[in-house]
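Colleague: I've just opened this one and I'm new to it. Could you walk me through how to read it?

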Amino acid sequence: LNFKYLKVESEAIISLAGTDSGSQDLRKFMKVCSVNRIDLILSHVETEETLEELVGYQFDYGQGFLFGTPRLANKI
């Protein structure tokens, strides 16, 4: 379908990462996005605490009150 990006709420990622099987599923999902060249945008990154919880995951962009428009993860 030629998707270029996928936007996911940061709270969904945090909730999923909180379980053993969810964490493994999340890493598989992110790998599939990477292999298929789909940029992953985590939305609703509102606080620095939320950002700290997400830093260990390889997302491409972050968006929310903390950043405004989507920004590259490696520039955060």
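Colleague: What is the mean pLDDT of the chain?

Modeller: This is a predicted model, and its mean pLDDT is 85 over the chain. As for coverage, 97% of the residues reach 70 or more.

Colleague: Where is confidence lowest, and where is it highest?

Modeller: As a general idea, where pLDDT is low, don't read the predicted coordinates in detail. Here the low end is β4, with a mean of 73, while β1 has the highest confidence, at 91.

Colleague: Okay, on to the sheet. In what order do the strands come?

Modeller: With a sheet, follow the pairing from strand to strand. In this case four strands line up as β1-β2-β3-β4 in an open sheet, and the pairing is mixed. At the edges sit β1 (5–9) and β4 (68–72), each paired on one side only. From one strand to the next, the twist averages 20°.

Colleague: Which helix packs on the sheet?

Modeller: That's α1, residues 10–17, which touches β1 and β2. The direction of α1 makes about 70° with that of β1.

Colleague: How do strands β2 and β3 run, and how many bridges join them?

Modeller: They run parallel, with two bridges joining β2 (residues 39–43) to β3 (residues 61–64). For one partner pair, look at L42, whose bridge partner in β3 is G62.

Colleague: Can we zoom in on a single residue? Which residues does Y5 touch?

Modeller: For contacts, it helps to skip the neighbours in sequence. Leaving out residues up to four places away, Y5 touches I38, D39 and I41. Y5 itself is in strand β1. By contrast, take Y5 and E49: they are 44 residues apart in sequence and 25 Å apart in space, C-alpha to C-alpha.

Colleague: And pockets? What is the volume of the largest pocket?

Modeller: About 210 Å³. Next, check who lines it: among the lining residues are R27, M30, K31, D39 and L40. Two elements, α2 (20–35) and β2, give two or more residues each to that lining.

Colleague: Which element gives the most to the lining of the largest pocket?

Modeller: α2 does, with five residues. Sorted by class, the lining has four nonpolar, two polar and five charged residues.

How values were computed: Residues numbered from 1 in each chain as written. Predicted model: local features only at pLDDT ≥ 70, side-chain atom pairs only at ≥ 80, totals over all residues. Heavy atoms only, no water. Pairing = 2+ DSSP bridges. Axes fitted to C-alpha atoms, helices over the stretch in contact; angles between N-to-C directions. Contact = heavy atoms within 4.5 Å. 1 Å grid on protein atoms, 1.4 Å probe; cavity = no way out; pocket = protein on both sides within 12 Å on 5 of 7 lines; lining within 4 Å. Points joined across faces, edges and corners; volume = space filled by probe spheres on them. Nonpolar A, V, L, I, M, F, W, Y, C, P; charged D, E, K, R; others polar. pLDDT = per-residue confidence, 0-100.
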